[in-house]
Amino acid sequence: MIHKDVLAVVENVRLRQMRGGTVVTHAALTALRSTSLASTATSPKDFVSYVEENAKYLRKIRVASIPLTNGLRYVVSEVQQAADQGADIDHLKKVVSDSSIGFDRKLEESIRQIAEIGARRLKSGDVIVTHSYSSSVLAILKRAHQQGKRVKVVVTETRPELEGQDVARELATEGIETTLIIDSAVSHFIEDSDKVMVGAEAVAANGAIVNKIGTAMIAAVAQRARVRVFVAASTYKFSPETMFGELIEIEERSSTYVLDDKDLEQSNLKVRNPAFDVTPPQDIDLIITERGVIPPQAAIMIVREQKGPLIFTTQDPGLEQFLGKADSK
Amino acid sequence: MLPDEALKIAEDIRNMRIRGAGQIARSAVEALEITARASSAERVNEFMEELTNASQTLLRTRPTAVSLPNGIRYVMHRVGTNVEASKSVDEIRNVAITAAETFIENARTAVARIGEIGARRIRDGDVLLTHCNSSAAISVMKNAWASGKKFEVFVTETRPRFQGHLTAAELRKTGIPVTMILDDAVRYFMQEIDKVIVGADAITANGALVNKIGTSMVALAAHEAKVKVYAAAETYKFSPETMIGDLVKIEERDQNEIISQKELDRIGLINIRNPAFDVTPPEFIDLIITERGIIPPLGAILILQDVIGVLTPEELREYQTYTIQEE
């Protein structure tokens, strides 16, 4: 049974088009917590499957968002372990509450650490190109600015939802010199830029990142112009599933975000609107995590350390066992 | 002094009643032809002075159009070679008239001819991608479709002014299947694309392409995926100024094309930059389709020499460096 709080948050996220994986993860974990506390399950076994069911449903908010997947995975894994050890329902509810709050805090803390580490890579006078809305990138830029580094930021408007305008507003409020451009103009300005800095919705085992549509082109342009590409991503965004060949699903969003023209629609025109794209590791110089800066090729090290069962994959029991082995090394 | 009819044309070009690269060039050359026909000069140097003055006046009418100096140059180059051969005024007048008529006829048929030539490069089952709204690129696609080839076209919406919508509507009218995507989604879909075909606002001496902002990213994504990139360009789009090292300057357009004043006020103090074009380097371009045939981008210099003439730095000094602008 899917609880009403869960249904509400899924709808809410869909309608409000929340920015960034961190914000979405926080909303989902809060919903899972209130849902579990309201559970009327009579046996620990029923309670665990109720939590699992609602967690799987919450994941639909954004299937490409790995912090969301990892956060839900962590809570489910903790509650499963506690149930295996014979905990009663009241204790299991406490486990859900503690683990969801714990994950949320770790995610927040990771952004603070990323800001510290990332700001060290910036120096006064740097011109930084950014695309879409990333809590981590904003935290880094603000931190560098607080340290007295005069960084200039070129922000893409980020079609179709134009969240670049929100980024520009936050930076301008902070007093950071900001220039807004259209996404297509990155190539024109790249020669005058020093760094590209973007967030990530997910990091795959091979170091590829999934991020807002357009990121892959910007990274390619930067690579060619010998401009460094930094990705700010906490380790909670690394996807263990990709180690076993799972592809990160990329959702296509409504065509009306792209085109709102009755005449053209009547002409039987197709619209495709993928929300994210994949930037290959060779176009990325560094990934800034809360545990330090790594080259994208080292993503596998982080992925191997991810805890928890693969509750969201096509259920091949062999995979979970394999991950268990990888974990114990 | 220009004849009234020629002055009227100059005026119409200046105040933008005459628009579009091809039309501007044809009209300017027509004004030059009218001047040549109307001249009552008896001596060659008098006749040449009148033509040169007319050229100067016409060149000043629209310093942003690459096609205009090319049209003038096309005629004056041929006239100049004949003056050296010490011919009579009437002989030189005829050279001017013939050159002007040839240029006008060529310019008039260029887009259709590019369509015929370019269509041969398109195969049944191809998936094409185009950016912005180019009459030459559309001519290629329409010609291929008319010859019975079945293919489909991905069209980028083309921020900030959404000219992709115009392209999509034109192609749909012909019956060509169209998929509209964001400019940002080009690399995402590149694996599905066989050929990229775009127009040109200008081609430089080294074969670089000046075209709508975003073109260079599209070309880079294609090049990286080993997808062919074709630029459809009439020869009057080739820029002689770049032969002496001048860079094509790029217009920056109004910020309110990107964001409304209301939104801008809400955001606070930021800069907006809105360049209208970018430069795609020749190594990302496989072919340039001109009305005189298909050339590799490094063959651009041949077009400049054949059509526009070999230019000395002295001759080029008479040309103004221009900022390329949307017509």
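Below are some worked exercises on a predicted two-chain model, chains A and B.

**Exercise 1. Overall shape of chain A**

Task: Work out how the radius of gyration of chain A compares with that of a compact globule.

Solution:
- Step 1. Start with the inventory: chain A holds 12 helices and 11 strands.
- Step 2. Get a feel for the extent. The C-alpha trace of chain A spans about 65 × 55 × 40 Å along its principal axes.
- Step 3. Apply the globule rule. For 329 residues a compact globule would have a radius of gyration near 20 Å, and the 21 Å of chain A agrees with that.
- Step 4. Look at burial and contacts. In chain A, 51% of the 329 residues count as buried. Among contacts in chain A with a separation of 6 or more, 76% come from residues 24 or more positions apart.

**Exercise 2. Two domains in chain A**

Task: Find where the domains of chain A lie and what they bring to their shared contact.

Solution:
- Step 1. Read off the bounds: domain 1 of chain A covers 4-111 and domain 2 of chain A covers 113-305.
- Step 2. Place the centres. Taken over C-alpha atoms, they are separated by 27 Å.
- Step 3. Count the residues in contact: domain 1 of chain A gives 16 and domain 2 of chain A gives 26.
- Step 4. Name the contributors. On the domain 1 side, helix 2 (21-37), helix 4 (66-84) and helix 5 (89-120) of chain A each supply at least two residues.
- Step 5. Sort that side by class: domain 1 of chain A brings 6 nonpolar, 8 polar and 2 charged residues.

**Exercise 3. The same analysis for chain B**

Task: Describe the contact between domain 1 of chain B and domain 2 of chain B.

Solution:
- Step 1. The bounds are 4-109 for domain 1 of chain B and 120-307 for domain 2 of chain B.
- Step 2. The C-alpha centres of these two domains of chain B lie 30 Å apart.
- Step 3. In the contact, 12 residues of domain 1 of chain B meet 9 residues of domain 2 of chain B.
- Step 4. Helix 2, helix 4 (67-84) and helix 5 (89-119) of chain B each supply at least two residues of the domain 1 side. The largest share, 5 residues, belongs to helix 4 of chain B.
- Step 5. By class, the domain 1 side in chain B has 5 nonpolar, 6 polar and 1 charged residues.

**Exercise 4. A closer look at helix 2 of chain B**

Task: Check the length of helix 2 of chain B against expectation, then decide how enclosed helix 2 of chain B is.

Solution:
- Step 1. Helix 2 of chain B runs over residues 21-38, which is 18 residues.
- Step 2. At 1.5 Å a residue, a span of 26 Å is expected for helix 2 of chain B, and its end C-alpha atoms are indeed 26 Å apart.
- Step 3. Count burial: 14 of the 18 residues of helix 2 of chain B are buried, so this helix is largely enclosed by the rest of the structure.

**Exercise 5. Where the chains meet**

Task: Characterise the side of chain B that touches chain A.

Solution:
- Step 1. The contact pairs 37 residues of chain B with 39 residues of chain A.
- Step 2. Elements of chain B giving two or more residues include helix 7 (163-174), helix 9 (215-224) and helix 10 (261-267). Helix 9 of chain B has the largest share, 5 residues.
- Step 3. By class, this side of chain B has 21 nonpolar, 6 polar and 10 charged residues.
- Step 4. Look for strand pairing across the chains. Strand 3 (residues 177-181) of chain A and strand 9 of chain B run parallel, joined by 2 bridges. T179(A) stands opposite N271(B) of that strand 9.

**Exercise 6. Unusual backbone geometry**

Task: Locate the cis peptide bonds before P160(A) and P160(B), and the positive phi values of T158(A) and C132(B).

Solution:
- Step 1. Recall the background: most residues other than glycine have a negative phi, and most peptide bonds are trans.
- Step 2. In chain A, the bond from R159(A) to P160(A) is cis, with omega near 0°. P160(A) sits in the loop between strand 2 (152-156) and helix 7 (164-174) of chain A.
- Step 3. In chain B, the bond from R159(B) to P160(B) is cis, with omega near 0°. P160(B) sits in the loop between strand 2 (152-156) and helix 7 of chain B.
- Step 4. T158(A) has phi near 65° and lies in the loop between strand 2 and helix 7 of chain A. T158(A) counts as buried because it has 24 C-beta neighbours inside 10 Å, against a cut-off of 20 or more.
- Step 5. C132(B) has phi near 65° and lies in the loop between strand 1 (127-130) and helix 6 (135-146) of chain B. With 27 C-beta neighbours inside 10 Å, C132(B) counts as buried.

Terms used:
Residues are numbered from 1 along each chain as its sequence is written. Chains are lettered from A and ligands numbered from 1 in the order in which they are written. This is a predicted model: local features need pLDDT of at least 70, side-chain atom pairs count only at pLDDT 80 or more; totals for chains, interfaces and linings use all residues. Helices (H or I, at least four residues) and strands (E, at least two) are DSSP runs, numbered from the N terminus. The expected span of a helix is 1.5 Å times one less than its number of residues. A residue is buried if 20 or more other C-beta atoms lie within 10 Å of its own, exposed if 12 or fewer, and partly exposed in between; C-beta atoms are placed from the backbone. Two residues are in contact if their C-beta atoms, placed from the backbone, lie within 7 Å. Ala, Val, Leu, Ile, Met, Phe, Trp, Tyr, Cys and Pro count as nonpolar, Asp, Glu, Lys and Arg as charged, and the others, Gly among them, as polar. Two strands pair if DSSP finds at least two bridges between them. The radius of gyration is taken over C-alpha atoms; the globule rule is 2.2 Å times the number of residues to the power 0.38. Domain bounds come from an automatic or database domain assignment.
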